[in-house]
Amino acid sequence: MSTTAGQIIKCKAAVAWEAGKPLVIEEIEVAPPLAGEVRLKILFTSLCHTDVYFWEAKGQTPVFPRILGHEAGGIVESVGEGVTHVKPGDHALPVFTGECGECPHCKSEESNMCDLLRINTDRGVMIGDGKSRFSKNGQPIFHFVGTSTFSEYTVVHAGCVAKIDPAAPLDKVCVLSCGICTGFGATVNVAKPKPGSSVAVFGLGAVGLAAAEGARVSGASRIIGVDLVSSRFELAKKFGVNEFVNPKDHDKPVQEVIAEMTNGGVDRAVECTGSIQAMISAFECVHDGWGVAVLVGVPNKDDAFKTHPINFLNERTLKGTFYGNYKPRSDLPSVVDQYMKGELEVDKFITHSVPFSEINKAFDLMLKGESIRCIIRMQD
């Protein structure tokens, strides 16, 4: 039993007090977990573009003050009543989407969209009692997608906690709790390209590179990277991308460019930007008759997807996915095992590392397009 179990823990957290303003390292109080919850000591967290997106809050509902962060690895500090699949001392990854194990989605082999724990970006409280576990001087601080890993301690619903091999390096596998699995799974689990096929990947950030890696592992022969930043192509070659298209270099829609390059369209397309135009282009660039496009990026809340219905009637398929169709508790441990066996490369996604006190530097690196994943060392 943890010596702090059942007690309020005082710790440091990076608080976003308002949209777009630098995070502030504050001493906060973290309440103990209630029934069905887990309190984690976060050792390493990573900055994902989704954190930046909701920090900027330009196209999303602003929820502040808030503790962001959702890619992380840590150790279970204590558990609430009824939690049996993890215990204090276990190594674990918190995940922004969950697995209650009881709903129709969890019982389905086809879905990871848990009825109880699917992602909710507007909710800033725990689902058990509708309250936050974070506070400063009595003022509640909101949660973010059920994880809030930019804190030395966080409280998460037990269904969003995956127990993993304690030998796995948390400073590496923490990135599997969002971006890498999201992109890799979007390709291998949802798009499912066949050996020798063609795949277009829109957006060559961490998620897009993971999608490209999935295409490479699947045996795709043509992997076309689409990005507005041409300098990303050189790095993308390490992930299997062998052709590159910058939409700004052409005077026609990029879907037309790709269709011309591929004699009618690619077999599969994976969109990893959140841009509504990229989503439309990804769908319209797949080949009629068998083409499949998979949407991964998070759109602005007011966006609307517009395409001509004939594109569907001509047997193009449009799919969406969260977290690469992986079930967090059931599937994530085996993905970590893949990494441990050398079957899945993760280290090449990690380009920077900073101590927790310099977390704003991680934001700067991502905003400048200089980092794929920046690991934040929480205990430095």
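**Salt bridges, sheets and cores in a predicted model**

Trainee: With which residue does R222 form a salt bridge?

Mentor: In this predicted model, the closest N and O atoms of the R222 pair are 2.6 Å apart, which lies within the 4 Å limit for a salt bridge. The pair links distant parts of the chain, from strand β11 (residues 222-226) to strand β12 (residues 243-245), 21 residues apart. The partner of R222 in this salt bridge is E243.

Trainee: Is R222 buried or partly exposed?

Mentor: The relative accessibility of R222 is 27%. A residue is buried under 20% and exposed over 50%. Because 27% falls between these limits, R222 counts as partly exposed.

Trainee: In what order do the six strands of the open sheet with parallel pairing stand?

Mentor: This open sheet has β12 and β15 (317-320) as its edge strands, each pairing on one side only. On average, neighbouring strands of the sheet are turned by 20° against each other, direction ignored. The order of the six strands is β12-β11-β10-β13-β14-β15.

Trainee: Which residue in β15 is the bridge partner of L295?

Mentor: Strand β14 (residues 292-295) and β15 run parallel and are joined by four bridges. L295 is the last residue in the range of β14. Its bridge partner in β15 is G320.

Trainee: Which helix packs on the sheet, touching β13, β14 and β15?

Mentor: The sheet in question is the six-stranded one with parallel pairing. The direction of the packing helix makes about 145° with that of β13 (268-271). The helix covers residues 179-191 and is α4.

Trainee: What is the order of the four strands in the open sheet with antiparallel pairing?

Mentor: The edge strands of this sheet are β1 and β7 (139-141), each of which pairs on one side only. Its neighbouring strands are turned by 50° against each other on average, direction ignored. The order is β1-β2-β6-β7.

Trainee: Which residue in β2 does C11 stand opposite?

Mentor: Strands β1 and β2 run antiparallel, with seven bridges joining them. Five of the seven residues of β1 (residues 9-15) are buried, so this strand is largely enclosed by the rest of the structure. In β2, C11 stands opposite I28.

Trainee: With which residue does K136 form a salt bridge?

Mentor: The closest N and O atoms of this pair are 3.6 Å apart, inside the 4 Å limit. The pair links K136 in strand β6 (residues 134-136) to a residue in strand β2 (residues 24-30), 110 residues apart. That residue is buried, with a relative accessible area of 16%. The partner is E26.

Trainee: Which residue in β7 does K136 stand opposite?

Mentor: Three bridges join β6 to β7, and the two strands run antiparallel. K136 lies in β6. In β7, K136 stands opposite Q139.

Trainee: With which residue does E37 form a salt bridge?

Mentor: The closest N and O atoms of the pair are 2.8 Å apart. The pair links E37 in strand β3 (residues 37-46) to a residue in the loop between α2 (104-107) and β6, 96 residues apart. E37 is buried at a relative accessible area of 2%, and its partner is buried at 4%. The partner is R133.

Trainee: What distance separates the C-alpha atoms of G80 and R39?

Mentor: G80 is found in the loop between β4 (71-79) and β5 (91-94), and it is buried, with a relative accessible area of 8%. Its contacts, leaving aside neighbours within four places in sequence, are P33, L34, A35, G36 and E37. Although G80 and R39 are 41 residues apart along the chain, the separation of their C-alpha atoms is 8.2 Å.

Trainee: Which helix gives the largest share of the largest nonpolar core?

Mentor: The largest nonpolar core has 104 residues, and I28, F150, V173, L176, L332 and I376 have the most contacts inside it. The largest share, seven residues, comes from the helix covering residues 206-218. That helix is α5.

Trainee: How many residues has the other core, among them A200 and V226?

Mentor: This core lies apart from the largest one. Its members include A200, V226, C285 and A293. The number of residues in it is 16.

Definitions and conventions:
Residues are numbered from 1 along each chain as its sequence is written. This is a predicted model: local features need pLDDT of at least 70, side-chain atom pairs count only at pLDDT 80 or more; totals for chains, interfaces and linings use all residues. Side-chain values use heavy atoms; hydrogens and water are left out. A salt bridge is a side-chain nitrogen of Lys or Arg within 4 Å of a carboxyl oxygen of Asp or Glu. Buried means under 20% relative accessible area, exposed over 50%, partly exposed in between (1.4 Å probe, protein chains only). A nonpolar core is a set of buried Ala, Val, Leu, Ile, Met, Phe, Trp, Tyr and Cys residues joined through side-chain atoms within 4.5 Å. Two strands pair if DSSP finds at least two bridges between them. Axes are lines fitted to C-alpha atoms, for helices over the stretch in contact, and angles run from 0 to 180 degrees between N-to-C directions. Contact means heavy atoms within 4.5 Å.
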